[in-house]
Every structure is written in C-alpha cells, then in structure tokens.
Amino acid sequence: MVTLNLNELDQIESGASKKKIYRFKNKNTKNILVDFSYSFNDYLLFINVHQYLSNINISIPKIFDTNDTEKLILMEDFGNDRYDKILTNYDTKKLLVNAIDSLIAIQRYDKPLIADGFKEYNYLNFKEEIIEFVDFYCPLLKTSSNQMEEFLQIWTSEFKKLNFNWNSFVHKDFELSNLMYLPHRENHLKCGILDFQNAFIGFSGWDLFSLLENPRIDFDEKYNQELIEYFYYNTNQNISYKDFLMQYYFLNTARQTRIIGRWVNLDIKNNNNFYQSNFHIVTIKRLKNSLFNLQNKKLINLYKTILKNEKF
C-alpha cells in the first residue's frame, strides 16, 4: 500500500488547489502521488469520477494504488506540459480541438449519471457561487446594500426564465491548467485530463466555456464561435442552437462574475494581491464579451451601474 514519505518526494506546484501533488525523487519512478488528506470526501469523489471516465475513450491518468487511511492516490504521471504553459508553443486551435473532442466523447457516453452518484446542479449552487462576487468584490466598490440586493434579485429572476435541463457530465474545472499535452498519443487522446473530483450533472456546454473563456490567460478568442458550433453539432443536444448559446453565455457571465470575487477571496486568504493583479483585467474582458453575446438588457444595465469604473 502506498504511503507518504516526504524524504522520497518533491512537491509539485498545484495552484489554488487544496490537494498536494508529489513526484518521486527517484527518476526511475514515473508516477505521482496525490495527497487528499484535506478531504476524505474529495478523495472518494476523485476515485468515483475516475471509474466513470475510465469507460470513455479519453486520456485520464491510470490509478495504480490507493490508501484510504492516508487518503493517497498513486497514479500515472502526465508530465509537465500543461496547456496553460505550452499554449503559445503549438497550434492553439489544434490544442483546443483535441480538448473539445475529449468533451464530445464524454458527452456522447450514454451511461446514466444518476446511477454513479453524481449530484445535479441547481439554483442553490448557482446562488452560492455568484454570491462570492457580492461578498468579496462589492465591498471594495463600496456597493450599497440595496444595489447588492438588486444584483441578486436580477440574477435570480433571469436564471428562472431559462429552461435549464441539467442532464450532462460536467468536469467543472476543465481549464487549461488541468489539461496536459501528451504529444505521443493520437488525436484527442493528446489531451490529458486532470482534477475532476468536483464533477456534477449540469449544462452540457459548461466545460466548453471553462476552456474557451479561461480568465487566467488572455489568449485569442477568434476560434470561439467556430468551436462552439463544432461542439454543439457533434453532441446530442435537445435544445436549439440559439437556446444553447443563451444558456452558454448566461452561465459563463455568472462564472466570470463569481471569479472576480474569487480572486479577492484568494488574495485575502493568502494576504497578497497576486490573483487580482494577474487575472482581474482578463476576467473583466471575458465578462464584457460574454455580456455582449448574451444581450440581456437587465444584466447589462446592472453591470453598468455596479461596475461603472470598468466602462461597461
């Protein structure tokens, strides 16, 4: 059974994630050790989602050993070529297509998600996420309590107008930092997928905007419309393309909003200004573009009022 021996390991940078990742100092050991000691629930969720995804023709790391007591997983090492680090070294469109083809393979897999214990996204989840903007960013703007209340009321009313059908696997964190380039594999298998313990049942395009609307990197969006169409017409959608786009941009607008608050939250926890100074401008840009595509007058006017300094 695998155990945690820090004398044999070097820790790998894992960003804002709570889990710890280690490589063996012995270069002949081509595996990594993932430490979920912060949460037994996340440890079990990772294993559960891994079992589900293992039945699909995508690239996820093989699990070689586990330790329930110490909450450790010994698994395949996908190397260092994270998408966010190598995006400019290769054809960006090809990298994105490989990732989207993996998403298409997941969406085409027809095993019922409920049977595998995945939780379904709902309004309470939505409210919990978007309120991070209210709790952490609005105080910096000295937003009045009435404006904060109006913010939540408008988002709630607009959410309830859309006929969401939560019926698809969502990785949730399908971002460039959780995707690995595996050049020796073929086609979409070149995209290695990590960090999927937060998966749930939700909107089929969620992982698509997590990828294309990444707030950490200001890469060109010139392929977005083409790739959204490519995803839509290669998956089994039960809504029109127009409705798909509306739900896509609505949820992405909410996500960018939440992330603006998340950067502040993380900086408070870390007692620095790293996230805001590095990612706020890109996140605002993504938010503006998403609002433009959504064309929701109530939300546009709301942001013009609350974020007036950002010139919406």
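In the predicted model, strand 2 (residues 20–24) and strand 3 (residues 31–35) run antiparallel and are joined by four bridges. The connection between strand 2 and strand 3 is a hairpin of six residues, and within this pairing I21 stands opposite V34 of strand 3. On its other pairing, strand 2 meets strand 1 (residues 9–12), again in the antiparallel sense and over four bridges, with D10 placed opposite R23 of strand 2. Strands of a sheet pair through backbone hydrogen bonds, in either a parallel or an antiparallel arrangement. Here these pairings belong to an open sheet of five strands, ordered 1-2-3-5-4, in which the pairing is antiparallel. Strand 1 and strand 4 (63–67) form the edges of the sheet, each of them pairing on one side only, and the twist from one strand to the next averages 25°.

Within the edge strand, attention may be turned to a single residue, L9, which is found in strand 1. L9 counts as buried because its relative accessibility is 6%, which lies under the 20% cut-off for that class. When neighbours within four places in sequence are left aside, L9 is in contact with L4, Y22, R23, F24, K25 and L33; among these partners, Y22, R23 and F24 fall within the residue range of strand 2, whereas L33 falls within that of strand 3. By contrast with these contacts, L9 and W206 are separated by 197 residues in sequence and, from C-alpha to C-alpha, by 35 Å in space.

The helical part of the model may be described through two pairs of helices. Two packed helices are described by the angle between their axes and by the distance between the axes. For helix 4 (residues 123–141) and helix 5 (residues 145–161), the axes come within 11 Å and cross at roughly 155°, and helix 4 is therefore roughly antiparallel to helix 5. The crossing of helix 4 past helix 5 is right-handed. To this contact helix 4 contributes Y123, F126, I130, I131, F133, V134 and C138, while helix 5 contributes M148, F151, L152, W155, T156 and F159. Sorted by class, the residues of the contact between helix 4 and helix 5 comprise 12 nonpolar, one polar and no charged.

The second pair consists of helix 9 (residues 274–294) and helix 10 (residues 297–306), whose axes come within 9 Å and cross at roughly 150°, so that helix 9 is roughly antiparallel to helix 10. Helix 9 passes helix 10 in a left-handed crossing, whereas the crossing of helix 4 past helix 5 is right-handed. The residues that meet are L287, L291 and L294 on the side of helix 9 and L299, I300 and Y303 on the side of helix 10. The contact of helix 9 with helix 10 is made up of six nonpolar residues, with no polar and no charged ones.

Technical notes:
Residues are numbered from 1 along each chain as its sequence is written. This is a predicted model: local features need pLDDT of at least 70, side-chain atom pairs count only at pLDDT 80 or more; totals for chains, interfaces and linings use all residues. Side-chain values use heavy atoms; hydrogens and water are left out. Axes are lines fitted to C-alpha atoms, for helices over the stretch in contact, and angles run from 0 to 180 degrees between N-to-C directions. Helices (H or I, at least four residues) and strands (E, at least two) are DSSP runs, numbered from the N terminus. Angles under 35 degrees count as roughly parallel, over 145 as roughly antiparallel, 65 to 115 as roughly perpendicular and the rest as oblique. A crossing is left-handed if the near helix is turned anticlockwise from the far one by less than a right angle, and right-handed if clockwise. Contact means heavy atoms within 4.5 Å. Ala, Val, Leu, Ile, Met, Phe, Trp, Tyr, Cys and Pro count as nonpolar, Asp, Glu, Lys and Arg as charged, and the others, Gly among them, as polar. Buried means under 20% relative accessible area, exposed over 50%, partly exposed in between (1.4 Å probe, protein chains only). Two strands pair if DSSP finds at least two bridges between them.
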